[in-house]
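Welcome! Please take a look at the structure shown here, and then let us walk through some of its features together.

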Amino acid sequence: MTDAPQSPCVKLCAIDAGSGLCRGCLRSLDEIAAWGRLDPQAQRAILADLPHRTARLSASSQDAPPLSGR
């Protein structure tokens with residue numbers, strides 16, 4: 001299979017400071033920037049890892065201080 005997978009972008013772009021991952025697609029800034037230049041195998045490897053990143057993002061969010069003034 002040589003077709004490149006679609007980007008996991010869901011147009012909810014916000015980088016989590018603790019984990020460095022986008023809250024929408026769970027990719028790092030480097031992965032987002034390189035996506036179009038990556039070969040399909042590398043893209044599939046990132047996609048396969050995304051479900052495992054949810055816990056990392058959740059843990060980072062729990063460590064963040066609460067927002068004040070709201």
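## A buried arginine

A good place to begin is arginine 53, which counts as buried, since its relative accessibility is 8%. Please keep in mind as you read that this is a predicted model.

Arginine 53 has a partner in aspartate 49: their side chains meet in a salt bridge, with 2.8 Å from N to O. Both residues belong to helix H2, where they are 4 residues apart, so about one helical turn separates them. Aspartate 49 counts as partly exposed, at 30% relative accessibility.

## A link between two helices

Arginine 53 also forms a salt bridge with glutamate 31, and here the closest N and O atoms are 2.6 Å apart. Where do these two residues lie? Glutamate 31 is in helix H1, while arginine 53 is in helix H2, which covers residues 40-63; the pair therefore ties together parts that are 22 residues apart in sequence. Glutamate 31 counts as buried, with a relative accessibility of 16%.

Put these pieces together and you have a network of salt bridges that links Glu31, Asp49 and Arg53.

## Another salt bridge

How many salt bridges does the structure hold? The count is 3. One of them joins aspartate 16 to arginine 23, with 2.7 Å between the closest N and O atoms.

The two partners can also be described by their accessibility. Aspartate 16 counts as buried, at 4% relative accessibility. Arginine 23, on the other hand, is partly exposed, and its relative accessible area is 40%.

## Cysteines without disulfides

Next, let us turn to the cysteines. A disulfide requires a pair of cysteine sulfur atoms within 2.5 Å, and by this rule the count is 0 disulfides. Cysteine 9, for example, is in no disulfide, because its nearest cysteine sulfur belongs to cysteine 13 and is 4.5 Å away, whereas the cut-off is 2.5 Å. Cysteine 9 is partly exposed, with 31% relative accessible area.

Cysteine 22 is likewise in no disulfide; the nearest cysteine sulfur is that of cysteine 25, at a distance of 3.9 Å. Is cysteine 22 buried or exposed? Cysteine 22 counts as buried, because its relative accessibility is 3%, and buried means under 20%.

## Around cysteine 22

Cysteine 22 is found in the segment before H1. Which residues is cysteine 22 in contact with, leaving aside its neighbours within four places in sequence? They are Leu12, Cys13, Ala14, Ile15, Arg27 and Ile32.

One of these contacts is with isoleucine 32. Along the chain, cysteine 22 and isoleucine 32 are 10 residues apart, and their C-alpha atoms are separated by 8.9 Å.

## A nonpolar patch on the surface

Finally, let us visit the surface. Ile15, Leu29 and Ile32 form a nonpolar patch there, and together they have about 240 Å² of accessible area. Ile15 and Ile32 have already appeared among the residues in contact with cysteine 22.

Leucine 29 belongs to helix H1, which covers residues 29-34. Leucine 29 is exposed, because its relative accessible area is 52%, and exposed means over 50%.

Conventions
Residues are numbered from 1 along each chain as its sequence is written. This is a predicted model: local features need pLDDT of at least 70, side-chain atom pairs count only at pLDDT 80 or more; totals for chains, interfaces and linings use all residues. Side-chain values use heavy atoms; hydrogens and water are left out. Buried means under 20% relative accessible area, exposed over 50%, partly exposed in between (1.4 Å probe, protein chains only). Patches are made of residues with over 30% relative accessible area and no salt bridge: like charges are joined within 9 Å, nonpolar side chains (Val, Leu, Ile, Met, Phe, Trp, Tyr) within 5 Å. Accessible areas come from the Shrake-Rupley method with a 1.4 Å probe; for residues, only the protein chains shown count as cover. A salt bridge is a side-chain nitrogen of Lys or Arg within 4 Å of a carboxyl oxygen of Asp or Glu. Contact means heavy atoms within 4.5 Å.
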